[in-house]
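User: Before I rely on the words used for this model, I would like to see how each one is earned. Could we go through them one at a time?

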Amino acid sequence: MQLGNVLVFGGTGMLAEATGWVANHATHTIAFGRDPHKLARLAKNYRIETKNLDYTDMDALRENVINAYKEHKAIHMVVAWIHRTSPQAVFVIKDTLNQLQPHQQWTLLLIKGSSSRLSDIKETQEESLPNCTIKEVRLGFKIEAQGSRWLTHGEISDGVIQAIRGNDKETIVGTLEPWHKRP
Ligand SMILES: NC(=O)c1ccc[n+]([C@@H]2O[C@H](COP(=O)([O-])OP(=O)(O)OC[C@H]3O[C@@H](n4cnc5c(N)ncnc54)[C@H](OP(=O)(O)O)[C@@H]3O)[C@@H](O)[C@H]2O)c1
């Protein structure tokens, strides 16, 4: 599988394994984050470029997307696990890439997880673009004999990798129902 040039936001923590998998299957991968230690750990283990970015800063976000495009000529995939702290970030990424590469086919993989608000996980507000395939990964929880538990880092990364490999527009990792049974 060849993913082309990939940008990853929110991929330096629990998602690090999936980010590494992306790096192994991409032409070039850039992972963005704030914590230099997490970025350094990724760069040590994988063939990946890392950049310091706080994605709540819209100007910096836009500038980083533009720079990545200028350097690599096309962006084929964006993997984004972006928290509620930055509600405009996904729009800014989409809008910026749409202006830069209106004829380039690309994939936007959005990961959604919340321990408290089911609506944050389930809602789809993304406006579709003709040249952009949007895939959503919804993180739930596991119900087991002893009770319920949140997903492990491995399960989250496996779910994201499965979503990248497959054609489904929606991937639910674990279960979202019944929501009141969450840990
Ligand atoms: N369903 C489940 O089983 C499950 C399991 C675990 C977590 N969750 C949910 O998933 C969510 C994420 O948890 P977490 O935050 O602890 O995950 P995390 O993976 O440890 O950290 C979040 C990622 O986003 C990046 N990030 C956060 N804010 C950023 C910012 N302003 N600018 C740039 N990068 C930023 C972090 O990088 P930097 O640190 O470098 O900024 C890191 O890569 C929570 O809502 C949690 O409830 C669900």
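Analyst: We can begin with contact, which here means heavy atoms within 4.5 Å. The model is a predicted one, and in it E136, leaving aside its neighbours within four places in sequence, is in contact with L110, K112, E123, T124, E126, K169, E170 and T171.

User: Why is E136 called buried?

Analyst: Buried means under 20% relative accessible area, and because E136 has 4% relative accessibility, this residue counts as buried. E136 lies in strand β6, which covers residues 132-139.

User: What makes the pairing of the side chains of E136 and R138 a polar contact?

Analyst: A polar contact needs a pair of N or O atoms within 3.5 Å, one able to donate a hydrogen and the other to accept it; the side chains of E136 and R138 make such a contact at 3.0 Å.

User: Why does K73 count as exposed?

Analyst: Exposed means over 50% relative accessible area, and K73 counts as exposed because its relative accessibility is 61%. K73 lies in the loop between α3 (58-72) and β4 (77-80).

User: What is notable about the phi of K73?

Analyst: Most residues other than glycine have a negative phi, whereas the phi of K73 is near 75°, a positive value in a residue other than glycine.

User: Which kind of peptide bond joins E177 and P178?

Analyst: Most peptide bonds are trans, but the bond that joins E177 and P178 is cis, with omega about -10°. P178 has its place in the segment after β9 (170-173).

User: Which residues of helix α1 are buried, and what covers them?

Analyst: In helix α1, residues 16-25, the buried ones are A18, T19, G20, W21, V22 and A23. Their cover includes β1 (5-9), β2 (28-33), α2 (36-45) and α6 (153-165).

User: How do you know that the ligand is held by polar atoms of D35, K38 and Y55 within the cut-off?

Analyst: I would claim the distances alone, set against a limit of 3.5 Å for N or O pairs. A backbone N or O atom of D35 lies 2.7 Å from an oxygen atom of the ligand, a side-chain N or O atom of K38 is 2.7 Å from a ligand oxygen, and a backbone N or O atom of Y55 lies 2.8 Å from a ligand nitrogen. Taken alone the ligand exposes 910 Å², of which the protein buries 81%.

User: Where does the ligand sit, and how many residues surround the ligand?

Analyst: The space taken by the ligand is the largest pocket, and 22 residues surround the ligand, the closest being T12, R34, K38, G140 and L151.

Conventions. Residues numbered from 1 in each chain as written. Predicted model: local features only at pLDDT ≥ 70, side-chain atom pairs only at ≥ 80, totals over all residues. Heavy atoms only, no water. Buried < 20%, exposed > 50% of the residue type's maximum accessible area, 1.4 Å probe, protein only. Helix = DSSP H or I, 4+ residues; strand = E, 2+ residues; numbered from the N terminus. Near = heavy atom within 4 Å. Areas by Shrake-Rupley, 256 points an atom, 1.4 Å probe, with all protein chains shown as cover. 1 Å grid on protein atoms, 1.4 Å probe; cavity = no way out; pocket = protein on both sides within 12 Å on 5 of 7 lines; lining within 4 Å. Sits in = over half its atoms within 2 Å of the grid points.
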